[in-house]
Amino acid sequence: HGCRHRLHAGEAARTSDVGIGVAGLCSYVSPSTGKYYAFVGDSSGTVQQWELFDDGSGKVAATKVRTLSIGSTTEGCVADDGTGDLYIAEEDVAIWKYGAEPDAGSDRTRVDVVGSGGHLTADIEGLAIYYRGDGGGYLLASSQGSDAFVVYERGGDNAYVTTFAITAGSVDGVSHTDGLDVTNAGLGTAFPDGLFIAQDDRNDGGNQNFKLVSWGAIARAASPVLAIDTGWDPRRVGG
């Protein structure tokens with residue numbers, strides 16, 4: 001936080017100085033053009049969109065194609081590789097939905113808000129998308145101030161679905177989460193129903209770490225019960 005970051009992409013053709021103190025990053029593969037992008041955001045509410053491309057020699061180069069002014073500090077973001085939606089968490093305010101294409105401009109809609117009338121407690125941090133094989137799924141958000149995770153429908157107006165927490169079991173519970181991710185894909189015998197992963201900020205007598213939780217366990221315990229669908233293959237995105 002507070003320092004200038006440089007964007008490195010695989011076997012980079014060159015170093016691209018983004019010129020802002022990057023606090024969050026997410027990627028996007030356009031379903032219409034197949035182009036690759038990275039979004040970076042900072043504590044001033046600036047979000048930059050960078051196109052990543054082959055420079056002709058098999059190395060990755062980057063060029064800035066759009067800048068958005070969110071309003072205040074933003075860290076969490078996620079782009080939907082199927083619908084072309086971009087979700088950005090303005091920490092103390094709201095989750096916003098933009099278009100992820102570079103020509104989408106600054107038009108946005110509000111998904112949910114912090115405080116009265118919403119389901120979120122500041123800060124709003126990590127965002128992730130659970131993809132279903134039928135095109136449905138969920139948007140997940142870390143409600144850091146309430147040590148909880150909020151679930152919305154992936155499509156339409158992103159209607160609120162439910163809120164869940166990761167409580168103590170074989171290890172301690174999860175609290176004050178910054179980053180998170182989720183995959184619907186079956187990951188062997190340990191996680192055949194997919195995987196949810198969350199950064200855990202507070203561990204008594206220990207360092208911060210990541211907690212891995214079966215998506216199936218979360219889905220079956222939720223009210224209402226959430227979908228378990230391993231039919232969408234994330235490995236084919238951009239293929």
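Strands S15, S16 and S17 form an open three-stranded sheet in the order S15-S16-S17, and the pairing is antiparallel. S15 and S17 (209-214) are the edge strands; each has a single partner, so one side of each lacks a neighbour in the sheet. On average, neighbouring strands here are turned by 15° against each other, direction ignored. Axes are lines fitted to C-alpha atoms, for helices over the stretch in contact, and angles run from 0 to 180 degrees between N-to-C directions. Two strands count as paired if DSSP finds at least two bridges between them. Helices (H or I, at least four residues) and strands (E, at least two) are DSSP runs, numbered from the N terminus.

This is a predicted model: local features need pLDDT of at least 70, side-chain atom pairs count only at pLDDT 80 or more, and totals for chains, interfaces and linings use all residues. Residues are numbered from 1 along each chain as its sequence is written, and side-chain values use heavy atoms, with hydrogens and water left out.

**The S15-S16 pair**

Four bridges join S15 to S16, and the two strands run antiparallel. Leu-180 stands opposite Ala-198 of S16. Thr-183 stands opposite Leu-195 of S16. Side chains alternate along S15. Leu-180 and Val-182 point to one face and are buried. Asp-181 and Thr-183 point to the other face and are not buried. Buried means under 20% relative accessible area, exposed over 50%, and partly exposed in between (1.4 Å probe, protein chains only).

**Two nonpolar cores**

The largest nonpolar core has 21 residues. Tyr-138, Leu-140, Phe-196 and Trp-215 have the most contacts inside it. A nonpolar core is a set of buried Ala, Val, Leu, Ile, Met, Phe, Trp, Tyr and Cys residues joined through side-chain atoms within 4.5 Å. Elements that give two or more residues to this core are S11 (124-131), S12 (137-143), S13 (148-153), S14 (160-164), S15 (180-183), S16 (195-200) and helix H1 (215-221). H1 supplies the largest share, three residues.

Leu-140 has a long list of partners once residues up to four places away in sequence are set aside. Among them are Gly-126, Leu-127, Ala-128, Tyr-130, Val-150, Val-151 and Phe-164. Leu-180, Val-182, Phe-196 and Trp-215 also touch Leu-140. Contact means heavy atoms within 4.5 Å.

Another core, of 16 residues, lies apart from the largest one. Its members include Leu-68, Leu-86, Ile-88 and Ala-100.

**Asp-193 and its surroundings**

Asp-193 lies in the loop between S15 and S16. At 18% relative accessibility, Asp-193 counts as buried. Its side chain makes a polar contact of 3.0 Å with the side chain of Arg-220. A polar contact is a pair of N or O atoms within 3.5 Å; within protein, one must be able to donate a hydrogen and the other to accept it, and residues adjacent in sequence count only if both atoms are side-chain atoms. Leaving out residues up to four places away in sequence, Asp-193 touches Asn-184, Ser-214, Trp-215, Gly-216, Arg-220, Ile-228 and Thr-230.

**The disulfide**

The count comes to one disulfide, where a disulfide is a pair of cysteine sulfur atoms within 2.5 Å. Cys-26 is joined to Cys-77, with an S to S distance of 2.3 Å. The pair links distant parts of the chain, 51 residues apart. Cys-26 sits in S3 (residues 22-29) and Cys-77 in S7 (residues 74-79). The torsion about the S-S bond is about -120°, so the disulfide is left-handed. Both cysteines are buried: Cys-26 has 6% relative accessibility, and Cys-77 has a relative accessible area of 13%.

**Backbone exceptions**

Two peptide bonds are listed here as cis, followed by two non-glycine residues with positive phi.

| Site | Backbone value | Place |
|---|---|---|
| Ala-122 to Asp-123 | cis, omega near 5° | Asp-123: loop between S10 (109-113) and S11 |
| Ser-223 to Pro-224 | cis, omega near 0° | Pro-224: segment after H1 |
| Asn-158 | phi about 55° | loop between S13 and S14 |
| His-176 | phi near 55° | loop between S14 and S15 |

Asn-158 is buried, with a relative accessible area of 2%. His-176 is partly exposed, at 23%.
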